[in-house]
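Here is a short briefing on a protein model. Keep the sequence and the 3D view open as you read.

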Amino acid sequence: MQDHDALINLIPEYAAGVLDAGQRRRVEEHLAGCAGCREELSFWMDTAAAVGAEDTALPAPPFPDRLVLSKTGSPGALILSVLRHAWLILSSQIFMVQKDIWPASATVLMVGYFFALASGEAGALRFLAPLVAAACITVIYAPDFDPVMELSLSTSTSPWQILLARLVLVFVYNLALGLAASLALLPFMPQLILSELIIGWLCPMAFLTALALLLSLPLGSYNAIGITYALWISQYLIKGSASGSVLLPAPFSQIASFLQVYQAFWNNTLFLSLFSLVFVLAALYLSLIKRERFLHPA
Ligand SMILES: [Zn+2]
């Protein structure tokens, strides 16, 4: 039984063929007597086959230089080929993302929705939506959470495409949840302005998600969650002092003005959007470095 708990975690790597000989023998001996693990293995073999099939179905990544060189490519065919490529990667990544995040973020946002309803203001939604999205994003490409990292890294699909596909899937999902919750608040709170409500959580969500993704690549999921949560929550903790409702002694007045700037940052849609873009680009670049290190360890 103990063996089962230890070995079932090795099965993705067994399916990817990256275990050493000793571990492989242990897994094989255990597989012979454990139906549960054989089932797990067949799931990962299917996954590996799907990844491999997707990989071979994509003869050439549609990079601009290839597109220019391609002789047969009419603009329409070109766009179709890019779309097909993007769709194949997206659909293959749906099953690669941690399954738990789908129900987990729906549950948390539901709590935020009912809390907003009960309190009569949308603050809970603005507070929770960025936190949920950031937490989801830290597990999509961090080694401590991705059992198929080896599978992904050993295919020829570029890691930045895999990372971007997962980012899009998870972000769009959380975006849809946030939109649904916002729309569902309207009938009960007619004083709300929908566009203000949405921008209120959307921009911080994009920023926090992008930052969490970038941090999770070198630091792992837990550190990325810790840092982004501290940044986000601290603006609420200091709200009292910055608004002057808590009286600060003279030496702290400079801190108070810093806090005001800090809070203003979280409401600046332009800055938040620009930083999000920079963080995502940096994360994509880091994913390339990560694959280099995986393929050619020092
Ligand atoms: Zn077992």
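This briefing covers a metal site, a buried threonine, the aromatic rings and the nonpolar cores. The model is predicted. A zinc ion is held by four protein donors, namely His 4, His 30, Cys 34 and Cys 37. Ten aromatic residues form one cluster, including Phe 207 and Trp 266. The largest nonpolar core has 33 residues.

**The zinc site**

- Start with the donor atoms: they are ND1 of His 4, NE2 of His 30, SG of Cys 34 and SG of Cys 37. These atoms lie 1.9 to 2.3 Å from the zinc ion.
- What is the arrangement of the four donor atoms around the zinc ion? The arrangement is tetrahedral, because the donor atoms subtend angles of 100 to 125°.
- Along the chain, the donors follow the spacing H-x25-H-x3-C-x2-C.
- His 4 sits in helix α1 (residues 2-8), and His 30 sits in helix α3 (residues 21-33). They are 26 residues apart, so the pair links distant parts of the chain.

**Burial of the zinc donors**

- Are the two histidines buried or exposed? His 4 counts as buried, because its relative accessibility is 15%. His 30 is also at 15%, so His 30 counts as buried.
- The cut-off for buried is under 20% relative accessible area.
- Cys 34 has a relative accessible area of 13%, so Cys 34 is buried. Cys 37 is at 0% and counts as buried.
- How many disulfides are there in the whole structure? A search finds zero.
- A disulfide is a covalent bond between the sulfur atoms of two cysteines.

**A buried threonine**

- Thr 138 belongs to helix α8 (residues 123-138).
- Thr 138 has a relative accessible area of 0%, so this residue is buried.
- Which residues does Thr 138 touch, beyond those up to four places away in sequence? They are Ala 212, Ser 216, Ser 221, Ala 224 and Ile 225.

**Aromatic rings**

- The whole structure holds 14 aromatic pairs.
- One pair is Phe 207 with Phe 275: the ring centres are 6.2 Å apart. Their planes meet at 85°, so the pair is edge-to-face.
- This pair links distant parts of the chain. Phe 207 is in helix α11 (residues 194-219), Phe 275 is in helix α15 (residues 269-295), and 68 residues separate them.
- Phe 207 is buried at 6% relative accessible area, whereas Phe 275 is partly exposed at 37%.
- Phe 265 and Trp 266 also make an edge-to-face pair, with centres 5.7 Å apart and planes at 75°. Trp 266 is buried, with a relative accessible area of 2%.
- These four residues belong to one aromatic cluster. Its other members are Phe 127, Trp 232, Tyr 236, Phe 258, Tyr 262 and Phe 279.

**Nonpolar cores**

- In soluble globular proteins, nonpolar side chains tend to be buried together.
- In the largest core, of 33 residues, Ile 140 and Leu 163 have the most contacts inside it.
- Six helices each give two or more residues to this core: α8, α10 (159-185), α11, α12 (221-237), α14 (253-266) and α15.
- Which element gives the largest share of this core? Helix α11 does, with 10 residues.
- Beyond its neighbours within four places in sequence, Leu 163 contacts Ile 140, Tyr 141, Leu 213, Leu 217, Ala 283, Leu 284 and Ser 287.
- A second, separate core has 17 residues. Among them are Leu 125, Phe 171, Leu 197 and Met 205.

Terms used. Residues numbered from 1 in each chain as written. Predicted model: local features only at pLDDT ≥ 70, side-chain atom pairs only at ≥ 80, totals over all residues. Heavy atoms only, no water. Donors = N, O, S within 2.8 Å, 3.2 Å for Na, K, Ca; no water. Tetrahedral: all angles 85-135°; square planar, octahedral: opposite > 155°, others 65-115°. Helix = DSSP H or I, 4+ residues; strand = E, 2+ residues; numbered from the N terminus. Buried < 20%, exposed > 50% of the residue type's maximum accessible area, 1.4 Å probe, protein only. Disulfide = S-S within 2.5 Å. Contact = heavy atoms within 4.5 Å. Phe/Tyr/Trp six-rings, centres within 6.5 Å; stacked < 30°, edge-to-face > 60°. Core = buried A, V, L, I, M, F, W, Y, C linked by side-chain atoms within 4.5 Å.
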